[in-house]
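This briefing summarises selected helix and residue features for the bench. Please read it alongside the sequence and coordinates displayed below.

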Amino acid sequence: MKNLDEIRVEIDNIDNELIELFKKRMDCAKAVGYYKKEKGIPVLSQNREQEILDNVEDKGGEYGAHARLLYSNIMELSRALQHNIVGSGNELKSVIDSAEGILPSENIKAAYQGIKGANGHEATLKLFPNGTAVNYKTFGDVFDAVDKGEVTYGVLPVENSTAGSVSSVYDLILKHRFYIVGALDLPIDYCLGGLRQAEFEDIEKVWSHSQSISQCAGYIEQHNFDSMALENTAVAARDVAREKRLNVAAICSYQAAKEYGLKVLDSHLQDDKGNTTRFIVISKKLYIPENANKISLCFSLPHVTGSLYSLLCRFNSLGLNLTKIESRPMKGQDFEYLFYLDFTGNVHSKNVISLLCQLSEENPEFSFLGNYCEM
């Protein structure tokens, strides 16, 4: 029986052979790329790749599944090389190159969902202190306002550190495909707002947005409160003031409590004291600041085994950090999904723009949603 050192020497020798063979294979992939460029042939040949993978898995014996995974990665890298040769993604490059770098922030209108005192209102004021914040009833209304040109931007919550994604907003992002031109992480601190004459012991019911109720679920259970979801935390505060019910309080921001004349009966209600909501800024016009550090995309994938893994391996090969991936079902398509993806990077990086161009050519429903700064 060989000892460990002897086995490692054998592994090193095999690795040296594999590296040389890998280099030869990539040289062949490069030659294929030049041939495809000359003949105008698409880089991706799905049927050809599946034939190779099936053959590799069959020849791999007991390691067939592992061999398939290895070759899937090799073909992803080969395809990336060929895309660079044929010059894929010229249309996307043109869009990115024509983007302005400075985001107008003065004398503009920005839409948010809810009313004064809502978290969206606070986020809008932080993002655009020299602009005008305009409220709309629903998230869909915010998108419509941007679409019609009633406002320059829309400010929308997409994710909370406790309650997770705001699915309805992601659905609207994937429907409209507007650009994302900014983002803000807003710390969220809730209070319990009741009538001026109320005391904490009087409260039996709490009103708030469904996300806020989720973020304060432990607190609500601890005090055995009944809860009712309304369209917004500030709407809850306003309605508590209007209804004048001594046993009802709003879970809302301190600003909302002040705005609607409520008494703060308790503070810091959120279960996670580091509770944060991420807001994005949407626009019909693309802006890419020079120091942009976050990129958002959406796309669908071929309905074949391992397609998502194969795509993600490209990000890994370039050392790019994925920060968010969200899937939403495609309407009218059984078991077909649209993917929303965030990763850190800047389109002025050669590796990043090459990857985006490759993905734009290969993936159905691909949209570059923006490269922006996150505050």
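**Helix α7 and its surroundings**

In helix α7, the buried residues are Val169, Tyr170, Leu172, Ile173, Leu174 and His176. The model is a predicted one. The points below begin with α7, then turn to a second helix pair, α2 and α3, and close with individual residues in α1 and α4.

**Residues in and after α7**

- Asp171 also lies in helix α7.
- Because its relative accessibility is 34%, Asp171 counts as partly exposed, the range for that class lying between 20% and 50%.
- Asp171 is separated from Met330 by 159 residues in sequence, while their C-alpha atoms are 9.7 Å apart in space.
- Arg177 follows α7 and has a positive phi, near 60°.

**Packing of α6 with α7**

- Two packed helices are described by the angle between their axes and the distance between the axes.
- Helix α6 spans residues 139-148 and helix α7 spans residues 167-176; their axes come within 10 Å and cross at roughly 25°.
- This angle makes α6 roughly parallel to α7, since angles under 35 degrees count as roughly parallel.
- The α6 and α7 crossing is right-handed.

**Packing of α2 with α3**

- For helix α2 (residues 46-59) and helix α3 (residues 64-86), the axes come within 8 Å and the crossing angle is roughly 150°.
- The two helices α2 and α3 are therefore roughly antiparallel to each other, as angles over 145 degrees fall in that class.
- The crossing of α2 with α3 is right-handed.

**Leu21 and a nonpolar surface patch**

- Leu21 is located in helix α1, which covers residues 4-39.
- Is Leu21 buried or exposed? With a relative accessibility of 51%, Leu21 counts as exposed, because the cut-off for exposed is over 50%.
- Together with Ile14 and Leu18, Leu21 makes a nonpolar surface patch of about 280 Å².
- An α-helix has 3.6 residues a turn, so residues three or four places apart point the same way.

**Leu92 in α4**

- Leu92 belongs to helix α4, made up of residues 90-97.
- Its relative accessible area is 12%, so Leu92 is buried; the cut-off for buried is under 20%.
- Leu92 and Ile288 are 196 residues apart along the chain, and a distance of 14 Å separates their C-alpha atoms.

Notes
Residues are numbered from 1 along each chain as its sequence is written. This is a predicted model: local features need pLDDT of at least 70, side-chain atom pairs count only at pLDDT 80 or more; totals for chains, interfaces and linings use all residues. Side-chain values use heavy atoms; hydrogens and water are left out. Patches are made of residues with over 30% relative accessible area and no salt bridge: like charges are joined within 9 Å, nonpolar side chains (Val, Leu, Ile, Met, Phe, Trp, Tyr) within 5 Å. Accessible areas come from the Shrake-Rupley method with a 1.4 Å probe; for residues, only the protein chains shown count as cover. A salt bridge is a side-chain nitrogen of Lys or Arg within 4 Å of a carboxyl oxygen of Asp or Glu. Helices (H or I, at least four residues) and strands (E, at least two) are DSSP runs, numbered from the N terminus. Buried means under 20% relative accessible area, exposed over 50%, partly exposed in between (1.4 Å probe, protein chains only). Axes are lines fitted to C-alpha atoms, for helices over the stretch in contact, and angles run from 0 to 180 degrees between N-to-C directions. Angles under 35 degrees count as roughly parallel, over 145 as roughly antiparallel, 65 to 115 as roughly perpendicular and the rest as oblique. A crossing is left-handed if the near helix is turned anticlockwise from the far one by less than a right angle, and right-handed if clockwise.
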